[in-house]
Every structure is written in C-alpha cells, then in structure tokens.
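Open the model in your viewer and keep the sequence panel beside it. The tour moves from one selection to the next.

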Amino acid sequence: MEPTREQKIWQVVLAVPEGRVVSYGQVADMAGLGRQARFVGRALGKLPAGHSVPWFRVIRTNGQIAFPQGSEAFARQKNLLEKEGIEVINGRVPMGRFRWTP
DNA sequence: AGTCTGACTCGAG
DNA sequence: GCTCGAGCCAGAC
C-alpha cells in the first residue's frame, strides 16, 4: 500500500536531529502537503503506541509550544526539549538558533 | 449531509 | 509583539 500523509509526516519528524526543532508548517511542506499545518497536528495526535517519533521537536512557527501553558502535555514537551539542550523560555523556543533547516 | 472543532498559519490593525 | 478573522482538511456528532 502507498504511504499515507500521516506516514510521510512521521518520516519527516523522524528526520529531525536532536537539539533542533521544526514548525508544523515546515513539516507539512516537507511532507508534500503544502500549507496544511493542521493536518500535521492531527497526524501527531494519531501516533500509534510504541512509536519512536520525536513529536516534541515540532512546535509553532513562532516558536511557541502548541499546548496551553500549564497542561501536562506542555510540561512533558518542555522537559523533553530542555533535555536535548533546547532553551524554552516562557513557553517558547528561540527559533533563530534551534530551527532545523535541511 | 451539515456543522463544529482543532497539537496551525498568515495578513492586517 | 499581540489580537482578530479567515483559510484549510479530516474526523466526530
């Protein structure tokens, strides 16, 4: 069977190296989806159990984490990012230094 | 089948 | 730099 859009997205996310982040729109573009950034968010929400996809390296184009500040998911993502040396300030990441470009 | 919603983005004020 | 409105697509009701 052909790769679905979700699988392409997961593939792109898997290609993101440690210590780097990408925006949803960037992932969508690299996966050949154009500007459908929302689809990326939904695809990540559908991740199967036992996956090895670094979903936490995917953030908004302005550097802000996609979850509401204070939520569990937010705390989890922030923790994982800082663990890789990515600075998270006030719920945001300085995109200028950590943004991944192929 | 119609409407609403969401892990988004962009342009304008 | 922030807020608001519109555009997008698939899934849930």
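Select Glu 72 and Lys 83 on helix 4. Both are exposed (over 50% relative accessible area, with a 1.4 Å probe and protein chains only; under 20% is buried, and in between is partly exposed). They lie on the other side of helix 4 from its buried residues. Helices here are DSSP runs of H or I with at least four residues, strands are runs of E with at least two, and both are numbered from the N terminus.

A note on the model before going on: it is predicted, so local features need pLDDT of at least 70 and side-chain atom pairs count only at pLDDT 80 or more, while totals for chains, interfaces and linings use all residues. Residues are numbered from 1 along each chain as its sequence is written, chains are lettered from A and ligands numbered from 1 in the order in which they are written, and side-chain values use heavy atoms, with hydrogens and water left out.

**Helix 4**

Now take all of helix 4, residues 72-83. Its twelve residues reach 17 Å from first C-alpha to last. That is close to the 16 Å expected at 1.5 Å a residue (1.5 Å times one less than the number of residues). Colour Ala 73, Phe 74, Gln 77 and Leu 81: these are the buried residues of helix 4. Look down the axis of helix 4: the buried residues fall within an arc of 100°, so they line one face. The arc is taken from the directions between the helix axis and the C-beta atoms. Strand 2 (58-59) is included in what covers these buried residues. Past the helix, stop at Gly 85, where phi is positive, near 90°.

**Gln 69**

Go to the loop between strand 2 and helix 4 and pick Gln 69. Is Gln 69 buried or exposed? It counts as exposed, at 52% relative accessibility. Leaving out residues up to four places away in sequence, Gln 69 touches Phe 74, Asn 90 and Gly 91 (contact means heavy atoms within 4.5 Å). Phe 74 is one of the buried residues of helix 4.

**DNA strand C**

Show the residues near DNA strand C (a heavy atom within 4 Å). They are Arg 5, Gln 36, Arg 38, Phe 39, Arg 42, Lys 46 and Arg 92. Of the strand C atoms within 4 Å of the protein, 62% belong to sugar and phosphate. By class, the set holds one nonpolar, one polar and five charged residues. Helix 3 (residues 37-45) gives the largest share, three residues.

Next, draw the polar contacts (pairs of N or O atoms within 3.5 Å). The side chain of Arg 5 puts an N or O atom 2.8 Å from a phosphate oxygen of DNA strand C. For Arg 92, the side chain to phosphate oxygen distance is 2.7 Å. Arg 38 instead has a polar side-chain atom 3.1 Å from a base oxygen of DNA strand C.

**DNA strand B**

Which residues come nearest to DNA strand B? Of the 14 around it, they are Tyr 24, Arg 38, Arg 42, Trp 55 and Arg 60. Sugar and phosphate make up 41% of the strand B atoms within 4 Å of the protein. Helix 3 gives the most to this surface, six residues. Helix 2 (24-30) supplies at least two.

Finish with three distances. Arg 42 has a side-chain N or O atom 2.7 Å from a base nitrogen of DNA strand B. Arg 60 places a polar side-chain atom 2.9 Å from a phosphate oxygen of DNA strand B. At Gly 25, a backbone N or O atom lies 3.2 Å from a phosphate oxygen of DNA strand B.

Conventions:
A polar contact is a pair of N or O atoms within 3.5 Å; within protein, one must be able to donate a hydrogen and the other to accept it, and residues adjacent in sequence count only if both atoms are side-chain atoms. Ala, Val, Leu, Ile, Met, Phe, Trp, Tyr, Cys and Pro count as nonpolar, Asp, Glu, Lys and Arg as charged, and the others, Gly among them, as polar.
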